Amino acid sequence: RGLEMFLLMVKDIPLPLGYTLTKQDLDDFFVESELKEMVPEGARYVSAKPIVLDNHKGAMIIFDYTLQRLDMTLTTRCLQFITIYERKMIWINCFISMLPGEEGELQESFNRFEPLFKMIGNTFIIQEQYK
């Protein structure tokens, strides 16, 4: 129906010049309490846990939110994979959305697509690390 999608986003991390993230920095960041803070304002936290994404520490966060797009109000569940590589934060966002009146089907639909979303996350590769 076209209400499932994924989005890849890469952003620079504003670190002081010359600073390199340490293993301890990553260990401290990828814990549930910190990950909960990454859920957008107005969204409902579902779960979060540390994972490994292409040999890098990372996280998997799930949250629900409602958004207005054009003339539609959508209820959405997002499965977000996050990792950090060098000075970049990388997000793979996988979404399942429901139209008004279908919100009760959100969990069932998410359960159907979650294996696909995890397969998408598992295809993520940082080529540079394999030189």
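These are my notebook entries on the strands, salt bridges and buried residues that I looked up in a predicted model.

**Entry 1: strand β5 and its partners**

I began with strand β5, which covers residues 88-98. I asked how many of its 11 residues are buried. The count is 10, and the strand is therefore mostly covered under a cut-off of 20% relative accessible area for buried residues.

I then looked up the strands that pair with β5. Strand β1, residues 4-12, pairs with β5 in the antiparallel sense, over 9 bridges. Within β5, I found Trp91 as the bridge partner of Met9.

Strand β4 also runs antiparallel to β5, and 11 bridges join the two. I noted that Cys78 stands opposite Phe95 in β5. Strands β4 and β5 form a hairpin with 2 residues between the strands. In this hairpin, Glu86 takes a positive phi near 55°.

**Entry 2: the hairpin of β2 and β3**

I turned next to strand β2, residues 44-53, which is joined to β3 by 9 bridges. These two strands run antiparallel. For Pro50, I recorded Ala59 as the bridge partner in β3.

Which residue in the turn between β2 and β3 has a positive phi? I found that it is Asp54, with a phi of about 50°. The hairpin has 2 residues between its strands.

**Entry 3: a salt bridge between strands**

I looked up the salt bridges and recorded 7 in the structure. One of them joins the side chains of Arg77 and Asp64, at 2.5 Å from N to O. Arg77 belongs to strand β4, residues 72-85, whereas Asp64 belongs to strand β3, residues 56-69, so the pair ties together parts that are 13 residues apart in sequence.

Are these two residues buried or exposed? Arg77 has a relative accessible area of 6% and is buried. Asp64 is buried as well, with a relative accessible area of 9%.

**Entry 4: salt bridges within helix α3**

I examined two salt bridges in helix α3, which spans residues 106-122. The side chains of Glu108 and Arg112 meet at 4.0 Å, N to O. These residues are separated by about one helical turn, because they stand 4 residues apart in the helix. I noted that both Glu108 and Arg112 are exposed.

The side chains of Lys118 and Glu114 meet in a salt bridge at 3.5 Å, N to O. Lys118 and Glu114 are likewise 4 residues apart in α3, so about one helical turn separates them. For Lys118, I recorded a relative accessible area of 33%, which makes the residue partly exposed. Glu114 is buried, with a relative accessible area of 19%. This value counts as buried because the cut-off is under 20%.

**Entry 5: a network of salt bridges**

I asked which residues are linked in a network of salt bridges. The network consists of Lys23, Asp27 and Lys57.

**Entry 6: the surroundings of Thr75**

I finished with Thr75, which is found in strand β4. Thr75 is buried, and its relative accessible area is 15%.

I then looked up what Thr75 contacts, leaving aside its neighbours within four places in sequence. Thr75 is in contact with Tyr65 and Thr66. The contacts of Thr75 also include Ile96, Ser97 and Met98. I recorded Glu103 and Leu106 as further contacts of Thr75.

Note on methods. Residues are numbered from 1 along each chain as its sequence is written. This is a predicted model: local features need pLDDT of at least 70, side-chain atom pairs count only at pLDDT 80 or more; totals for chains, interfaces and linings use all residues. Side-chain values use heavy atoms; hydrogens and water are left out. Buried means under 20% relative accessible area, exposed over 50%, partly exposed in between (1.4 Å probe, protein chains only). Two strands pair if DSSP finds at least two bridges between them. Contact means heavy atoms within 4.5 Å.
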